[in-house]
Structures are given as structure tokens and as C-alpha cells.
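Visitor: I am new to this structure and would be grateful for a close look at a single part of it. Please explain how that part sits within its surroundings.

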Amino acid sequence: MTIDIHSQKILIIDFGSQYTQLIGRRVREAGVYCEILPWDLDDNVIKDFAPSGVILSGGPESVAFDDAPTISPALLALDVPILGICYGMQALAEHFGGKVEPSAKHEFGFARVAIEKDNALFNGISDHAESGKNYLDVWMSHGDKVVAMPEGFDLIASTESAPIAAMASESKKIYAVQFHPEVTHTLQGQRLIEHFVHGICGCDSLWTPENIIDDAIATIREQVKDQKVLLGLSGGVDSSVVAALLHKAIGDQLTCVFVDNGLLRLNEGDNVMQMFSDNMGVKVIRADSEALFLGKLEGVSDPEQKRKIIGNTFIEVFDDEAAKLKDVKFLAQGTIYPDVIESAASKHGKAHVIKSHHNVGGLPDDMAFELVEPLRELFKDEVRKLGLALGLPYDMVYRHPFPGPGLGVRILGEVKKEYADVLRQADAIFMEELHAADWYHKTSQAFAVFLPVKSVGVVGDGRRYAWVVSLRAVETIDFMTARWAHLPYELLEKVSSRIINEISDVSRVTYDISSKPPATIEWE
Ligand code: XMP
């Protein structure tokens, strides 16, 4: 019998903090299912969701404003434990008759809070002990603070600048912290979340990769029955995990289409085929479409136009391959939970940042398929854990993101096969050396860029007049901002010398030291 992994769950109310998704990830890491929903959600949804506990997120607003987000009485009517974080704490204070005021200055950064009273949330955790008192190292980020607690609440932590840094009403099972347990700078943050979901809400750790896989397999089988499923396999993490999962669930009923657009990394196509078709026995159709893509890109140098052409041609090829298959009823997609939250938030008109880049390969709405989206409930780190549990190699599951238009946006201006071949070789050398020096996983994304300008060099006794390649490596959490990676000089020197010596069409290698913003990660 499969375990009902959704039977115990936490509801996370989003007041608009940039850290709300992190709260979700921490709860899941503690092995408990959770959903993130907007604060102004319908009472019936709250009731039907029937959570074992509620976490109120932080948020950018001030409770003093007339239209400030508030706590729905339906949440309190659930009569389950509540944890308020930052704005969530202020909203609780306001709701129960306490007082919130603006701080003299916005507090942002590390703080050491003193534990004032033992309680089930802190439950014996301590980073420092001094003169009989215990302290926690935490991350603060707030403008307002609670200056008077509501009746029935006890002070459980304080700092000099926020004398009421945490409060609790243990009889009501309501806890509130001014700091952010969800960010890793709060050293014991994960334990604190675990104390809440396990100790206070009484949830077990049902949300494990193995249980998620069993559940996904049962759900897929129930949805698909004996019908056929089609999947666009790109070799990226999400579609690879979907392929592995569907193959495990329905075997031969799955057919994957892998579109080789000629803009992939060195040996990428062969590697994908070997991994899925040869090793795992997945049915994969490889559509070799290099000539078609390069033909359509001829003479085009505008980046957005190139993106459009590559995206549309992908759909064309995919459609053609799909049409050749008989009786396919379902289309599988690697939609993940952050996509679901973002599109829900944008429907609600919330001020969430929407990425300007969507995966090329977004298929038209009018395709006559029903969707299978087995990763819809998962964060990216959960997708990776699932991939490992399904037996996919570590290097595939933890690889850097690769843009849908591929090398098409890494060859500046017009795309030509000659350029793509040079770039593939340079990029492969860079990747090889990054791995050898143990730097690949210390960067978030790294690649080579082809510059269609020639520069002079001297090799041996001869003059060389050849292309320029730039290397790019960045560190980032969210890809919205990024810092150029401070790779060691020795590593850069080795990559540069190998590229110039091994590729006769390259005379010069540069390293991109632009951060985002104002530069973007890709060059186009
Ligand atoms: P930028 O260049 O905007 O990139 O700093 C941020 C992240 O998005 C990726 N990227 C794309 N991904 N289609 C994609 O699927 C695209 O057209 C595209 N353009 C950029 C980029 O590689 C980085 O991870």
C-alpha cells in the first residue's frame, strides 16, 4: 500500500516576501508536504486544505497601512498551530491587540537573539551560552517591529534593537519570530522549522524521495491507464527526471522526442541517446534537425529574432514527430512548483518577478493532448533528489542550466555551423577543466561565447588571424542577479592555452568580468 504523502501538510500564507519559497523548501526538507498560497485566499480553500499547521511569511508591507495584508479569520478558525515570520509576526501582533511600530532604522543582517523563555519552538537549541543565557545567530530583515505583545503572549527572544524578537502563546500554539528561520544565515533555522512541523504540528516525515516516487508512479498510472504519452526530452534536469519517472511508471507507453537543433554542446545529442535509449531502454526518437535550424537562422543576427526562430522551429519539428505517432493522448511536461506559484501569483496580480525567459519548447495551447505534469508539486532541489533516487547520474542531475536556444544565443550575431563547431570545442575544453579543477559545482553557470571578430596572434613562427572566444562563469542563487566567478588564474590560464593550442581557428581567449546587473548572464 502506498503512503498518503499529502495526508499531513502545512499551509504557507504568502505575504509577498522574497523568502516565501524558501520557507516551502525548508518545510519539504523536513519531510512535510506544504503549499504556498496567497494571503487573500478564499475561506473555503483554507477549510478544504485542512492543514496540520500554518506558517505566515514575511512581506514588504507595513501593518499600519490601510490596505495592508491581514490574517484571515478562517486561518485561526482551523485551530491548528501557527508560526508567524517577520511580517507574519507583526500581523499576528496586530490581530491579537498588540502594537507594531516602525523601527528607527531598517534592520538587515546578522543578529544575536537571547532566548528569554524555553519553549517548544526553540526546544533546547542554542548557538552560544553566556552567563546562564542561551543565544541564537539569526538573520533579520525588517522595517517595523512589535513594541507591545498581545495579551496571553510570552516573550521568548529579544535583541537590543528588537526587544520583542519572538513571542509565543503556547496554550494557543501560536509562535512568532521577527527573524527569518528559512534563510541559511539563521544557523539553526532548519531545526526551528523541524520543531514547528514535527514537534508542534505533529507531522511525520512522509515527504521523502522514495515516497514521492511511489506516489507519482501511482498517480501517473491512474491518469494515463493504458494510453500513450509523448515527452519532449531536452537533456535538461526537469525533462530528464520526467522521462525517468514516466519510464518507471508506464515503460513502453512513453515515447520521447529529442530535437537535435545543431545548437547543442559537444556530443550532447549522443550522450542523451546513450543515457536514455541505450542504458535505460526508453523509447527516444532523435530528430536530427541541424540543417533545418541553421537554414532558418541564415542571415539573422538579432537575438530576439533568433530566439523566436529557434522556438518556432522546435515546435514545428516536435509537431511533425508527434503527428507520426499514432494514438498519443497525453503530453508530458516538466513544469515545476515555482512555475505554478509564479503563474498563480501573476493571475492574482501579485508583484512577483516574472522571468522574461521562458523555455523554448513551450507548446501551443491548441495541441490536442491532455497534460501529464508529474513534477508540478516539486521545487528544483526536490526534482534533483528525485533524479538521483531514480538512478540518474549526479553530473546530469546537478548540471548547470542551458538555455532553450542553446548556442544560438552564445554565437553573437549570425549563427553558422563553422562558428558552432568552434564554440562547441572551446566550451568542451572549458567544461572539462572546470570539472578537473573541482570548480564546476562552485559556479552556477559557465560557458564559452563565440565572438565573430578576428584578432591577430602568433603561434610558433606563424601569424594567426582567427576568432575570439570569451569565457563566462557566474555565481548566483536565483539567476536574477549574478556575480562573475572568481576562478583561479591558473585555471583560466590552462583553459586559455588549451583552447588556443587545440583549436586552430581561435587566436584569443578573454574572461568576462561583468556582473548582472547591468550585464546579463548570456551575451545575447
Ligand atoms: P540572462 O541572460 O537573462 O539569463 O541573465 C538568465 C538565465 O536564463 C537563461 N536564459 C534562457 N533560458 N531560453 C531559456 O530557456 C532563453 O531564451 C534564455 N535566455 C537566457 C540563461 O542561460 C540564464 O540561466
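**A buried serine and its sheet**

Guide: Ser169 has a relative accessible area of 2% in this predicted model; because that value is under 20%, Ser169 counts as buried. The residue is found in strand β9. Leaving aside residues up to four places away in sequence, Ser169 touches Gly152, Phe153 and Ile174.

The strand that holds Ser169 belongs to a wider arrangement. Strand β9 is part of an open sheet of ten strands, in the order β2-β1-β3-β4-β10-β9-β8-β5-β7-β6, and the pairing in this sheet is mixed. At its edges lie β2 (33-38) and β6 (128-130), each of which pairs on one side only. On average, neighbouring strands of the sheet are turned by 30° against each other, direction ignored.

Helix α4, residues 87-95, packs on this sheet. The strands that α4 touches include β9 (166-169) and β10 (174-177), as well as β3, β4, β5 (99-115) and β7 (133-148). The direction of α4 makes about 115° with that of β4.

Another part of the sheet involves the edge strand β2. Strand β1, residues 9-14, pairs with β2 in the parallel sense over six bridges. Within this pair, Ile10 stands opposite Cys34 in β2. Helix α1, residues 20-29, lies across β1, β2, β3 (53-56) and β4 (82-85), and α1 runs at about 165° to β2.

To return to the starting point, Ser169 is a buried residue in strand β9, and β9 is among the strands touched by helix α4.

Key. Residues numbered from 1 in each chain as written. Predicted model: local features only at pLDDT ≥ 70, side-chain atom pairs only at ≥ 80, totals over all residues. Heavy atoms only, no water. Pairing = 2+ DSSP bridges. Helix = DSSP H or I, 4+ residues; strand = E, 2+ residues; numbered from the N terminus. Axes fitted to C-alpha atoms, helices over the stretch in contact; angles between N-to-C directions. Contact = heavy atoms within 4.5 Å. Buried < 20%, exposed > 50% of the residue type's maximum accessible area, 1.4 Å probe, protein only.
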